[in-house]
Amino acid sequence: MITQKERELGSRFALINIGATIASFVILAFVIGPDQTGYDESLGPITNLIGLAQGLSFLGIVRLSGKLFNSNENPLLAGAVAVAYGTAVVGLMFTLTPTFIANGFYQGTMSADMVTDLGFALNFTQFLIGALWVSQVVRADEGQLPSWGKLVGNTQAYGSAAVLFAFYFGVIGQALFVPALLVFGIVLYPVFIYGMSQAFSNN
């Protein structure tokens, strides 16, 4: 059973996550530039903090989605929540680490560029696990989501999973993957999370 306070937190987490997702994309795509690899020394601290906000808010959404959609009576949703939460925690470890390495007194062999690139590579698995979570949320929905929520959720989940597996097996290259990432990750994902904010807000 979800409380009113948890509903308010869930809605707030969703809105923060949307803002952080869009802000991160705008900075990486239009300010730093898509051809930039590794850690950007000028904007790295800012993008890392945005990544932290994005990761923490996603953890909140995932955790509270289990209560909103009653995962105690839905083992598939409970499993998806657990896996998505654990995967997001791992990703969270890569948000601030590059800046700590770049600006701190770390003397090891691992560079900020290396950690940034590794975190980027891990995103593909995180996106796939996220799609699994979205699909199970939609499956468990009993009217909490807006009327368009199921369609957007299913499109985002199954569409992004199909693209990721095609990329995994080398069926598509960067020319097709990048537009698909924009559609499923930058357009449909925030729209679905907005639907989640509405679901949390509705008593």
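**Aromatic pairs in the predicted model**

Let's start with one side chain. F124 is partly exposed, with a relative accessible area of 23%. Keep in mind that this is a predicted model.

Now, the ring pairs. How many aromatic pairs does the count come to? Nine. I'll take two of them.

Back to F124. Its ring pairs with that of F167. The centres are 5.3 Å apart, and the planes meet at 40°. That makes the pair tilted; the stacked class needs planes under 30 degrees apart, and edge-to-face needs over 60. Where do the partners sit? F124 is in helix α5, residues 112-140. F167 is in helix α6, residues 149-168. The pair therefore ties together parts that are 43 residues apart in sequence. As for exposure, F167 comes out at a relative accessible area of 33%, so partly exposed.

Second pair: W148 and Y194. Tilted or stacked? The ring centres are 6.4 Å apart and the planes are at 5°, so this one is stacked. On distance, the cut-off for pairing is 6.5 Å between centres. This pair links distant parts of the chain too. W148 is in the loop between α5 and α6. Y194 is in helix α7, residues 174-201. They are 46 residues apart.

Exposure for these two. W148 has a relative accessible area of 34%, which is partly exposed. Y194 has 38%, again partly exposed.

Last point, on grouping. Which residues form one aromatic cluster with F124 and F167? F120 and F177. So the tilted pair of F124 and F167 belongs to a cluster with those two phenylalanines.

How values were computed:
Residues numbered from 1 in each chain as written. Predicted model: local features only at pLDDT ≥ 70, side-chain atom pairs only at ≥ 80, totals over all residues. Heavy atoms only, no water. Phe/Tyr/Trp six-rings, centres within 6.5 Å; stacked < 30°, edge-to-face > 60°. Helix = DSSP H or I, 4+ residues; strand = E, 2+ residues; numbered from the N terminus. Buried < 20%, exposed > 50% of the residue type's maximum accessible area, 1.4 Å probe, protein only.
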